[in-house]
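I opened the notebook with the model on screen and a short list of things to look up. The entries follow the order in which I checked them.

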Amino acid sequence: MKDISQAVPDAEAFDRALVAGLQRAVGHTVTVATQKARSEHRWQDRTGATRASIEPSVDDTAKGASGEITAGANAARLNDGTAPHVIEARNAQALRFSVGGQTRFARRVNHPGTKPDPFLDAAADAAGEELVSGVEAAIDAALG
């Protein structure tokens, strides 16, 4: 059996390569998961605000990286679903919406609620798989 100095002659270079590979793997994973969450869902995003509220962040550290995806309140509600609730006009005199191709106005409406669309959960599952393959690639490259 080789001793560590024979297997990895330059331990500092190995550490640098491994950390850089881990940082790339985390960055790539967060990017892929964010794209998946923004694009693979059942809901409509007419203004783009819900999609824009799904934001990635990656913090590189001396020993690797950490990453997370934050989602705005509306994205979280779409992921988890909602119970029936009342919607009231707050910043205008009435709400405007379409029913059967006709535009309607109302001061308040009874929203029937929404079914869960676990798109954030699906993105997190995909991120786990992506991270495992990225870490394996980083280790292979560092040993390489």
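These entries cover the helices, the aromatic rings, the core, two single residues and the pocket.

**Entry 1, the model.** I am working from a predicted model. I kept that in mind throughout.

**Entry 2, helix H2.** I started with the span of H2. The helix has 29 residues, so at 1.5 Å a residue it should span 42 Å. I found its end C-alpha atoms 42 Å apart, which agrees. Next I looked up which residues of H2 are buried. The list is Phe14, Val19, Gly21, Ala25, Val26, Thr29, Val30, Ala33, Thr34 and Ala37. I then asked what the buried residues of H2 pack against. Their partners are strand S1 (55-61), strand S2 (64-70) and H5.

**Entry 3, threonine 34.** I picked one residue from helix H2, threonine 34. Is threonine 34 buried or exposed? Its relative accessibility is 3%, and the cut-off for buried is under 20%, so threonine 34 counts as buried. Setting aside residues up to four places away in sequence, I found that threonine 34 touches Ile54, Pro56 and Ile69.

**Entry 4, helix H5.** I ran the same check on H5. Its 25 residues should span 36 Å at 1.5 Å a residue. The end C-alpha atoms are 36 Å apart, in agreement. Buried in H5 are Phe119, Leu120, Ala123, Ala127, Gly134, Ala138 and Ala142. I see these buried residues packing against H2 and H4.

**Entry 5, aromatic rings.** I searched for aromatic pairs. The structure holds one. Tryptophan 43 and phenylalanine 119 form it, with 5.3 Å from centre to centre and 65 degrees between the planes. Why is the pair edge-to-face? The angle of 65 degrees counts as edge-to-face because planes over 60 degrees apart are classed that way. I then located the partners. Tryptophan 43 sits in the loop between helix H2 (11-39) and helix H3 (49-52), and phenylalanine 119 is in helix H5 (residues 119-143). The pair links distant parts of the chain, 76 residues apart. Tryptophan 43 and phenylalanine 119 are both buried.

**Entry 6, the core.** I looked up the largest nonpolar core. It has eight residues: Ala37, Trp43, Ile54, Ala75, Leu78, Phe119, Leu120 and Ala123. Two elements give two or more residues to this core, helix H4 (73-80) and H5. Which element gives the most? H5 does, with three residues. I also took the contacts of alanine 75. Leaving aside neighbours within four places in sequence, alanine 75 is in contact with Thr50, Ser53, Ile54, Phe119 and Leu120.

**Entry 7, lysine 63.** I moved to the loop between S1 and S2, where lysine 63 is found. Lysine 63 has a relative accessible area of 74%, and the cut-off for exposed is over 50%, so lysine 63 is exposed. Beyond neighbours within four places in sequence, I found lysine 63 in contact with Val19 and Leu22. I also checked the distance to alanine 11. Lysine 63 and alanine 11 are 52 residues apart in sequence and 14 Å apart in space, C-alpha to C-alpha.

**Entry 8, the pocket.** I ended with the largest pocket. It holds about 780 Å³ of space. The lining has 16 residues, and Gln44, Asn74, Leu78, Ile87 and His111 lie nearest the centre. H3, H4 and strand S3 (85-88) each give two or more residues to the lining. I noted that H4 gives the most, with three residues.

How values were computed:
Residues numbered from 1 in each chain as written. Predicted model: local features only at pLDDT ≥ 70, side-chain atom pairs only at ≥ 80, totals over all residues. Heavy atoms only, no water. Phe/Tyr/Trp six-rings, centres within 6.5 Å; stacked < 30°, edge-to-face > 60°. Buried < 20%, exposed > 50% of the residue type's maximum accessible area, 1.4 Å probe, protein only. Core = buried A, V, L, I, M, F, W, Y, C linked by side-chain atoms within 4.5 Å. Contact = heavy atoms within 4.5 Å. Expected span 1.5 Å × (residues − 1). 1 Å grid on protein atoms, 1.4 Å probe; cavity = no way out; pocket = protein on both sides within 12 Å on 5 of 7 lines; lining within 4 Å. Points joined across faces, edges and corners; volume = space filled by probe spheres on them.
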